[in-house]
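Biologist: I am new to this structure and would like to go through it slowly. Could you put it up for us, and then we can begin?

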Amino acid sequence: RILTVLKEAVVSTQSTGTVNCEERVYASDVQYPAAVVVLAGRKVKVLSLENQPTVLHTSEPPLRYQLRDISIFKKDGKPAGYGVCSIEGRAAIEPFDNNTANSKDKFTFKCHRSATSDHNKPQEIYAVNGIKFHPTYGTLATVGSDGKFAFWDKDARTKLKGSEQLDNTITCCDFNHNGSYFAYASSYDWSKGHMYHNPQQKNYLFVRQVKDELKPRKK
């Protein structure tokens with residue numbers, strides 16, 4: 001329930017301030033001077049880190065179930081909003097300025113669901129465990145309990161690439177500083193309970209070099 005902001009996360013443990021979030025903290029992201037925090041109860045706190053950490057507002061994204069991860073995206077080099085994902089096979093894009101944001105800038109999209117053309121057959125919906133924005137292109141990646149990752153163009157609202165399915169769920173992901181590498185971890189996420197846990201199954205960390213596959217679609 002306590003968020004601590006460090007001055008220099010690598011070389012120091014001295015914090016610039018502590019924020020009481022009033023609930024359990026599930027995930028967070030920082031793109032100075034902005035920070036976002038996912039809480040239990042499907043709440044998101046947006047903070048300013050200038051001077052002392054200050055909570056700007058608390059909101060509830062249009063997702064119905066538990067939130068899993070969050071990531072800030074930029075516009076014109078400045079933090080402009082965030083993407084957040086949940087266990088319902090869905091993610092949401094939320095601009096910071098909800099008052100002036102165009103309706104096209106605020107939306108949800110389905111992802112990490114089984115493909116089926118048979119309307120009589122139920123669709124399998126998987127938890128979206130991770131969401132991260134490319135630091136150069138502004139496109140994004142999601143990973144899920146289906147054992148797949150996917151790349152998306154939020155502005156064109158289209159899927160750029162999907163992956164083959166791994167033998168285990170994918171629990172988290174991230175890009176390096178310039179977006180030339182994409183890393184993701186494969187391990188059991190407990191989304192199906194303890195009965196599906198196989199202690200003999202190994203955990204893996206994958207690093208993938210990415211080039212043009214994350215470039216946004218031409219308008």
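Biologist: Is Ser187 buried or exposed, and what is its relative accessible area?

Modeller: This is a predicted model, and in it Ser187 is found in the loop between β16 (181-186) and β17. Buried means under 20% relative accessible area. Ser187 is therefore buried, because its relative accessible area is 17%.

Biologist: Leaving aside its neighbours within four places in sequence, which residues is Ser187 in contact with?

Modeller: Contact here means heavy atoms within 4.5 Å. With the neighbours within four places in sequence left aside, the residues in contact with Ser187 are Asn168, Thr169, Thr171 and Asn203.

Biologist: Is Leu205 buried or exposed, and which nonpolar patch is Leu205 part of?

Modeller: Leu205 is found in strand β17, which covers residues 204-209. Exposed means over 50% relative accessible area, so Leu205, at 64%, is exposed. On the surface, with about 330 Å² of accessible area together, the nonpolar patch is formed by Tyr181, Leu205 and Val207.

Biologist: Which are the edge strands of the open sheet that has the order β3-β4-β5-β6?

Modeller: Four strands form this open sheet, and the pairing is antiparallel. An edge strand pairs on one side only, and this holds for β3 (25-31) and β6 (54-59). From one strand to the next the twist averages 20°. The edge strands are, once more, β3 and β6.

Biologist: How many bridges join β4 to β5, and which residue in β5 stands opposite Val36?

Modeller: Strand β4 (residues 34-39) and strand β5 (residues 43-48) run antiparallel, and the bridges that join them number six. Within β5, the residue that stands opposite Val36 is Val46.

Biologist: In the hairpin of β5 and β6, which residue takes a positive phi?

Modeller: Strands β5 and β6 run antiparallel and are joined by five bridges, with Ser48 standing opposite Thr54 in β6. Between the strands the hairpin has five residues, and the residue with a positive phi, near 60°, is Asn51.

Biologist: And in the hairpin of β13 and β14, which residue takes a positive phi?

Modeller: Strand β13 (residues 149-153) pairs with strand β14 (residues 158-162) in the antiparallel sense, over four bridges. The bridge partner of Asp153 is Thr158 in β14. This hairpin has four residues between the strands, and the residue that takes a positive phi, near 55°, is Arg157.

Conventions:
Residues numbered from 1 in each chain as written. Predicted model: local features only at pLDDT ≥ 70, side-chain atom pairs only at ≥ 80, totals over all residues. Heavy atoms only, no water. Patch = residues over 30% accessible without salt bridge, like charges linked within 9 Å, V, L, I, M, F, W, Y side chains within 5 Å. Areas by Shrake-Rupley, 256 points an atom, 1.4 Å probe, with all protein chains shown as cover. Salt bridge = Lys/Arg side-chain N within 4 Å of Asp/Glu carboxyl O. Helix = DSSP H or I, 4+ residues; strand = E, 2+ residues; numbered from the N terminus. Buried < 20%, exposed > 50% of the residue type's maximum accessible area, 1.4 Å probe, protein only. Pairing = 2+ DSSP bridges. Axes fitted to C-alpha atoms, helices over the stretch in contact; angles between N-to-C directions.
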